[in-house]
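Let's take a walk through this protein model, stopping at a few spots worth a closer look. Keep the sequence and the 3D view open as you read.

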Amino acid sequence: MPGLLLVDFGFSMPGTPVPSLFTMPEGLTVKLPAPSSIVLAPSGLGIRIDTKVWLAPSTPLSSVEIRGGAGAQTPTVRFIDPKGGLLQAVKPVVNADQSFHATCSKGPIAQIQLDFPNAEGVIHSLAGILTRVGDRPFHRQVKIEVIDQSVCQAIVFGETATIELTGDSDLDGLAEARRFIAGVAYKRDGKGVAKPRYPSMEELEQPFIKRAWDRCEQAAKDSLMDDVGECKHFVVWYSDDNGKTPSKSPKKITDNWPYEQIDKIKESWGPYKVAELKASNIYVIKYCGVP
């Protein structure tokens, strides 16, 4: 028989304080930007959400359904896999009583993020199952096809999460590089760049990861109105000539275009240290006019 996770967020009287980080008896961890409280909304009893909430089950779920409430503006619900990848992002339809349902059956689901564009959010309940089942068709929601600011933030994080400054680089330059990467992600609608990567709640407890995540959020916000024009390509790679060209040592980029299109290089930022590349001569190299 499949394992079930059933969580009721209306667990106390209205007005009961709720901390910013806690774990429900069922093993679901809840993280809020700030302490909140239990409220009785038109859609029912639950936890008040001003802007966003992160939900993480102790064991990844194959399928999940969350019921909440919202005001005039529809929330965005994102379902994240154990590696921080985006499985699905949806905007559920808000019913007449201000309730909504959001579902995903593309597990394993390790985290659910809800973003509310106003201060009228509520979460009521969550149901999860450990055996894959089909989507329930009677819950209306619209799949997000165009990247929004949060997805852009996760793309920039996927590209730059582990970048560290060196003695020859500066934070302003890295902020500019991240903003350019965000502009490319918007321009290309998320295609041809890193897959969105969302840090886990445990990772966000690490100061380095938290700072990087926040700075990627700022880059996604700052670049909303940017137009990178024909500068839609970049690489984050080794360079032995101060960012003028990407290097082929200690290893080569799989694609040939970064080497064949060096006349299209217009700018670079760095040098940076990247632990997984085991080097401190990493640059963000900008290309303009690559076919």
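Three elements, β7 (52-56), β12 (111-115) and α1, each supply at least two residues of the lining of the largest cavity. Keep in mind that this is a predicted model, and that everything here is computed from it. Which residues line the largest cavity? The lining is made up of K52, W54, Q113, D115, S150, Q153 and W213. Sort them by class and you get two nonpolar, three polar and two charged residues. The space inside the largest cavity comes to about 50 Å³. If you count cavities of 30 Å³ or more, you end up with one. How do you find a hole like that anyway? Rolling a probe the size of a water molecule over the atoms shows where empty space is left.

Next, the cores. The largest nonpolar core has 49 residues, and C152 and V284 are the ones with the most contacts inside it. Who chips in? At least two residues each come from α1 (149-160), α2 (171-187), α3 (207-222), β16 (233-238), β17 (265-274) and β18 (279-287). The biggest giver is α2, with eight residues. Now zoom in on C152. Which residues does C152 touch, leaving aside its neighbours within four places in sequence? On that count, C152 is in contact with I147, A182, A185, Y186 and A220. There's also another core lying apart from the largest one. This other core has 30 residues, including V18, I49, V53 and F79.

Now find strand β8, residues 63-69. Why can we call β8 largely enclosed by the rest of the structure? Because six of its seven residues are buried, and buried here means under 20% relative accessible area. You can also trace the strands that β8 pairs with. With strand β13 (residues 121-129), β8 pairs in the antiparallel sense over seven bridges. For example, E65 has A127 in β13 as its bridge partner. Strand β8 is also joined to β11 (residues 99-104) by six bridges, and these two strands run antiparallel as well. Here V64 stands opposite C104 in β11. One handy thing to know while you look: in a regular strand the side chains alternate between the two faces of the sheet.

Finally, let's check some backbone angles. Two peptide bonds that lead into a proline are cis, as the table shows.

| Cis peptide bond | Omega | Place of the proline |
|---|---|---|
| G107 to P108 | near 15° | loop between β11 and β12 |
| G270 to P271 | near 0° | strand β17 |

Then look at phi. D189 isn't a glycine, yet its phi is positive, near 55°. You'll find D189 in the loop between α2 and α3. K278 isn't a glycine either, and it has a positive phi of about 55°. K278 sits in the loop between β17 and β18. Is K278 buried or exposed? Its relative accessibility is 78%, so K278 counts as exposed, since the cut-off for that is over 50%. D189 has a relative accessible area of 24%, so it's partly exposed: that value falls between the 20% and 50% limits.

Notes. Residues are numbered from 1 along each chain as its sequence is written. This is a predicted model: local features need pLDDT of at least 70, side-chain atom pairs count only at pLDDT 80 or more; totals for chains, interfaces and linings use all residues. Side-chain values use heavy atoms; hydrogens and water are left out. A nonpolar core is a set of buried Ala, Val, Leu, Ile, Met, Phe, Trp, Tyr and Cys residues joined through side-chain atoms within 4.5 Å. Buried means under 20% relative accessible area, exposed over 50%, partly exposed in between (1.4 Å probe, protein chains only). Helices (H or I, at least four residues) and strands (E, at least two) are DSSP runs, numbered from the N terminus. Contact means heavy atoms within 4.5 Å. Two strands pair if DSSP finds at least two bridges between them. On a 1 Å grid over the protein atoms alone, a cavity is a set of points where a 1.4 Å probe fits but cannot get out, and a pocket is an open set with protein on both sides within 12 Å along at least five of seven lines; lining residues have an atom within 4 Å of a point. Grid points are joined across faces, edges and corners, and a volume is the space filled by probe spheres set on the points. Ala, Val, Leu, Ile, Met, Phe, Trp, Tyr, Cys and Pro count as nonpolar, Asp, Glu, Lys and Arg as charged, and the others, Gly among them, as polar.
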